[in-house]
Every structure is written in structure tokens, then in C-alpha cells.
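Here are some worked exercises to try with the model open beside you. Have a go at each task before reading its solution.

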Amino acid sequence: MTRHQELEMLESVLLEKLDQVNNALASDVAIMGPDQIRELAEAAEQVVRGAYGQCVECNASIPLQRLRVKPEAVRCIKCQQQAEQMRVRPEYIRYAS
Ligand SMILES: [Zn+2]
């Protein structure tokens, strides 16, 4: 299977997940948590742009192994780690520049 074919497959998995969120009762959505829902929405945007499978920060191709585990991933591992660091340590942003 080519990367392109697998991305198409993962896109449909992702859109199914998004459908589930759209159709779910508020109580089901609560189980997912706001971060996951935000990620799903971001990933859906990437699909619409035709940029699914690319990192939103640095445009690098997100490895398929990562997307298989997490079809809603919108960042490569490096950018994801940076984003998480900033979330844990807000002062990082202030002194980063
Ligand atoms: Zn990246």
C-alpha cells in the first residue's frame, strides 16, 4: 500500500470519528475531553485543505506509524513534544525568544 492510499484510509477513519463526535450525546463527548475534540477538528481541517498527513507547524510528513495509532495527529512527533512542553511550562514561551 502506498502512503497516499493509507492516508486516504486513515482519513476515512478520522472522518468517522468526527461523525461520532457530532452525533454523540454531550455525555459521550465529555469522555473524550476537549483536547481530543480540538485535535479531531484540526485534523479534519487538514483533510479539507488536502494537507492531511502533514504537520501543521513545520509541514513535515507525519510518519504513518504515528497516524495509524492516532489518525487525528496533526503534528509530527517533534512539534507535538514542543507543544506539550509549552503547555506544561507556560514560562517557556516567554523566554523562548
Ligand atoms: Zn512538525
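**Exercise 1. Classify alanine 60: is it buried, partly exposed or exposed?**

Solution. Start by counting neighbours: alanine 60 has 13 C-beta neighbours inside 10 Å. A residue needs 20 or more to be buried, and 12 or fewer to be exposed. Alanine 60 therefore counts as partly exposed. Next, place it in the chain: this alanine lies in the loop between H3 and H4. Finally, look for its partners. Leaving aside neighbours within four places in sequence, alanine 60 is in contact with Cys55 and Cys76. The C-alpha atoms of alanine 60 and cysteine 76 are 6.9 Å apart, although 16 residues separate them along the chain.

**Exercise 2. Now take cysteine 76: where is it found, and which residues does it touch beyond four places in sequence?**

Solution. Begin with the location: cysteine 76 is found in the loop between H4 and helix H5 (77-88). Its contacts, not counting residues up to four places away, are Cys55, Cys58, Ala60 and Ile62. Then check burial: cysteine 76 has 20 C-beta neighbours inside 10 Å, so it counts as buried. One further distance is worth finding on screen: cysteine 76 and valine 56 are 20 residues apart in sequence and 8.3 Å apart in space, C-alpha to C-alpha.

**Exercise 3. What is the phi of asparagine 59, and is this residue buried or exposed?**

Solution. Recall the background first: most residues other than glycine have a negative phi. Asparagine 59 is not a glycine, yet its phi is positive, at about 65°. It is found in the loop between H3 and H4. For burial, count again: asparagine 59 has 10 C-beta neighbours inside 10 Å and therefore counts as exposed.

**Exercise 4. Describe how H1 and H3 pack: what is the angle, and how far apart are the axes?**

Solution. Two packed helices are described by the angle between their axes and the distance between the axes. Helix H1 (residues 3-23) and helix H3 (residues 34-49) pack at about 130°, with axes 10 Å apart. H1 and H3 are therefore oblique to each other. As for handedness, H1 passes H3 in a left-handed crossing. On the H1 side the contact is made by Glu11, Leu14, Leu15, Lys17, Leu18 and Val21, and on the H3 side by Ile37, Leu40, Ala43, Ala44 and Val47. Sorting the residues of this contact gives nine nonpolar, no polar and two charged.

**Exercise 5. In which helix does arginine 68 lie, and how far is its C-alpha atom from that of leucine 7?**

Solution. Arginine 68 lies in helix H4. Its C-alpha atom is 9.2 Å from that of leucine 7, with the two positions 61 residues apart along the chain. Arginine 68 has 13 other C-beta atoms within 10 Å, so it is partly exposed.

**Exercise 6. Step back to the whole chain: how many helices and strands does it have, and which element has the lowest mean pLDDT?**

Solution. The chain has six helices and zero strands. Of its 97 residues, 16% count as buried. Among contacts between residues at least 6 apart in sequence, 43% join residues at least 24 apart. Now turn to confidence, since this is a predicted model. The chain averages a pLDDT of 85, and 82% of the residues score at least 70. Helix H6 (residues 91-96) has the lowest mean pLDDT of the elements, 53, while helix H4 (residues 64-69) has the highest, 94. Where pLDDT is low, the predicted coordinates should not be read in detail.

Terms used: Residues numbered from 1 in each chain as written. Predicted model: local features only at pLDDT ≥ 70, side-chain atom pairs only at ≥ 80, totals over all residues. Axes fitted to C-alpha atoms, helices over the stretch in contact; angles between N-to-C directions. Helix = DSSP H or I, 4+ residues; strand = E, 2+ residues; numbered from the N terminus. Parallel < 35°, antiparallel > 145°, perpendicular 65-115°, else oblique. Left-handed = near helix turned anticlockwise from the far one by under 90°. Contact = placed C-beta atoms within 7 Å. Nonpolar A, V, L, I, M, F, W, Y, C, P; charged D, E, K, R; others polar. pLDDT = per-residue confidence, 0-100.
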